[in-house]
Amino acid sequence: MKANTRRDHRLAFDTVAEAYDRARPQVPADMVDSILELTRLTAGEKVLEIGAGTGQLTLPLRRQAGVKVIALEPGKTLRALLEKNTATDAMVTVRGELFEDYDGGDGPFAAVVSGNAFHWVDPRVSYGKAADLLLQNGYLVLLWNVPTVEDQALRVALNTRAFAGHPDFVRGEDPRVELLAADCVEEINASGRYEAPRVEQRRENLSFTPDDYVTLLISYANAAVLSDGERRALVEGVRALLGEHGVDEVKVVNALYAVVARRSEQ
Ligand SMILES: C[S@@+](CC[C@H](N)C(=O)[O-])C[C@H]1O[C@@H](n2cnc3c(N)ncnc32)[C@H](O)[C@@H]1O
């Protein structure tokens, strides 16, 4: 994904922190396995995570890799939930700085990782600063996921009715994550600080109750920045359509991609 042009929305997630914690999926185990295979991260090594949310990447990374995670989460409410979710884990340190403001004092790091957040960081800073904070053979690992409603008739109805006026929610059948990954690869290559990146892709099937699907939608920045009235109208429109289609389970295909790049020698 390319750096976001609406960076003024980057902290909007904090207003929907509970929804975020409830509905956003964790990174699946097989994706984390692939990342560990590519980066050869080992238990006890230090990893910096940018924009940790409530732990969607932090928790699987801790479970599967045993690495020590310094997790940056600038949103106060998100951070409180992340602290709660990692309360019993001494190997996670939660900090409140934006990546741009972080002094790097806990580093250098074996990896700098980020799930669904690196596009919110100032692109004039992001790739260069991450490289500066990495060990000689360290890795930048950037993940994103794109959930798409599986049922075609329901997806089309949502796109044309409930999401009319909300183009960021509109999804085609195939979210073309390879193009999104290619944008990120291009930015990494242009930075001149990394070796040629590797891209990993996965798809997983998820299932949401209507309530949880609505909660998932309102956890996105483009819903979080709406007025209360606009958000209510969006939610009511979605609920009405799910009702019309007799849906009691919303099946979603979650397409994930990870871009993994080793810091190049200077
Ligand atoms: C879409 S959420 C991603 C949360 C989680 N990592 C995930 O994969 O679901 C983006 C997160 O990045 C944080 N964020 C936005 N700009 C940031 C920045 N410049 N530095 C660090 N975190 C940032 C936000 O507070 C938010 O929690």
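**Ligand shell and the packing of helix 2**

The shell around the ligand in this predicted model divides into 13 nonpolar, six polar and four charged residues, where Ala, Val, Leu, Ile, Met, Phe, Trp, Tyr, Cys and Pro count as nonpolar, Asp, Glu, Lys and Arg as charged, and the others, Gly among them, as polar. Of these 23 residues, Gly51, Gly53, Gln56, Gly115 and Ala117 come nearest to the ligand, a residue being near a molecule if its C-beta atom, placed from the backbone, lies within 6 Å of it. Residues are numbered from 1 along each chain as its sequence is written. Because the model is predicted, local features need pLDDT of at least 70 and side-chain atom pairs count only at pLDDT 80 or more, whereas totals for chains, interfaces and linings use all residues.

In helix 2 (residues 29-39), a DSSP run of H or I with at least four residues, numbered from the N terminus, Met31, Val32, Ile35 and Thr39 are buried, that is, 20 or more other C-beta atoms lie within 10 Å of their own. Seen down the helix axis, these buried residues fall within an arc of 100° (taken from the directions from the axis to the C-beta atoms), so they line one face of helix 2. On the other side, Ala29, Asp30 and Glu37 are exposed, with 12 or fewer such neighbours. The buried residues of helix 2 pack against helix 3, strand 4 (109-115), strand 5 (134-149), strand 6 (198-208) and strand 7 (250-262), strands being DSSP runs of E with at least two residues. Helix 2 is followed by Arg40, whose phi is positive, near 55°.

Conventions: Axes fitted to C-alpha atoms, helices over the stretch in contact; angles between N-to-C directions. Contact = placed C-beta atoms within 7 Å.
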